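Subject: Handing over a structure

Hello,

I am passing a structure on to you, and I hope you enjoy looking through it. Please open it alongside this message, and I will walk you through what turned up.

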Amino acid sequence: MSPKIWIPVAVIIIVLVVIFVGKDKSVDPLVPEENTSDVTTAGASGQFMKLGANAIVVQEQMPGDVVFMSALNIEKAGFVIIHDDMGGKPGDIIGVSKWFAAGNYANEDIGTSEKLVDGSTYYAMLHADDGDGIFDPKKDGAVMDSMSGNNEAMMAIFSVSADASDPRDSQIMY
């Protein structure tokens, strides 16, 4: 065969290998990707949004003593802390997640010390670990949201409703 024929044949073979090998690649949501800003989530409207390097997705919850976190992107190790509402702002701590290494996570439960009340608002706030792997509110400060321009704490505000859909039905894609 002449070299003119080999080049197109080689290109076709490479394209076929990429298509067939790459299409069934499974992704473990608990294994951090190199680029931690690649998590997307489908909203109720079916539209997708791209999450930033530090992001928390907590949808409307049902009453109970567990908060279901749909997605978490975290640049540095830390915790997700659940706060009750105190006049429209985060109040007392009622839940502390496990320690998360930097990376992407999906479908995580966070237990609470109080029952989530129908009609109430709560806050899931990202806190950076000081390096000891144990949450201490005096040492492990809130991660600030530099993307908003307000330099506010990185958090998801969520409501609780007896009529809420099961938040575990949300679709997380990597």
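Below is what was found, starting with the whole chain and ending with a pair of side chains.

First, please keep in mind that this is a predicted model. The protein chain has 174 residues, and 36% of them count as buried. Its accessible surface comes to about 10300 Å², with 57% of that belonging to carbon and sulfur atoms.

What is the chain built from? There is one helix, along with 12 strands. The helix stands at the start: reading from the N terminus, the order is α-β-β-β-β-β-β-β-β-β-β-β-β. Among contacts with a separation of 6 or more, 64% are between residues 24 or more positions apart.

Next, have a look at the open sheet. Four strands make it up, in the order β6-β5-β8-β11, and their pairing is antiparallel. Strands β6 (90-96) and β11 (155-159) are at the edges with a single partner strand each, so each has one side without a neighbour in the sheet. From one strand to the next, the twist averages 30°. Inside this sheet, β5 (residues 78-85) and β8 (residues 121-128) are antiparallel partners joined over six bridges. If you would like a place to see the pairing, try His83, which stands opposite Tyr123 in β8. As a general reminder, strands of a sheet pair through backbone hydrogen bonds.

Strand β4 deserves a visit of its own. It covers residues 64-74, and nine of its 11 residues are buried, so β4 is largely enclosed by the rest of the structure. Which strands does β4 pair with? One is β3 (residues 55-57), which runs antiparallel to β4 and is joined to it by three bridges. Here Ala55 has Asn73 of β4 as its bridge partner. Together β3 and β4 form a hairpin, with six residues between the two strands. Another partner is β7, again in the antiparallel sense, this time over nine bridges. In that pairing, Gly64 stands opposite Leu116 in β7.

Now for the interior. In soluble globular proteins, nonpolar side chains tend to be buried together. The largest nonpolar core here has 21 residues, and Ile56, Leu72 and Val80 have the most contacts inside it. Strands β4, β5, β7 (103-116), β8 and β11 each give two or more residues to this core. The largest share comes from β4, with four residues. Leu72 is a good place to centre your view: beyond its neighbours within four places in sequence, Leu72 is in contact with Ala55, Ile56, Val80, Phe100, Gly103, Asn104, Tyr105 and Leu126.

Last, the charged pair. How many salt bridges does the structure hold? There is one, and it brings together the side chains of Lys98 and Glu108, at 3.4 Å from N to O. Lys98 lies in the loop between β6 and β7, while Glu108 belongs to strand β7, and the two are 10 residues apart. Are these two residues buried or exposed? Lys98 has 46% relative accessibility and therefore counts as partly exposed. Glu108, at 9% relative accessibility, counts as buried.

That is the tour. Enjoy exploring the model, and do write back with any questions.

Best wishes

Note on methods: Residues are numbered from 1 along each chain as its sequence is written. This is a predicted model: local features need pLDDT of at least 70, side-chain atom pairs count only at pLDDT 80 or more; totals for chains, interfaces and linings use all residues. Side-chain values use heavy atoms; hydrogens and water are left out. Two strands pair if DSSP finds at least two bridges between them. Axes are lines fitted to C-alpha atoms, for helices over the stretch in contact, and angles run from 0 to 180 degrees between N-to-C directions. A nonpolar core is a set of buried Ala, Val, Leu, Ile, Met, Phe, Trp, Tyr and Cys residues joined through side-chain atoms within 4.5 Å. Buried means under 20% relative accessible area, exposed over 50%, partly exposed in between (1.4 Å probe, protein chains only). Contact means heavy atoms within 4.5 Å. Accessible areas come from the Shrake-Rupley method with a 1.4 Å probe; for residues, only the protein chains shown count as cover. A salt bridge is a side-chain nitrogen of Lys or Arg within 4 Å of a carboxyl oxygen of Asp or Glu.
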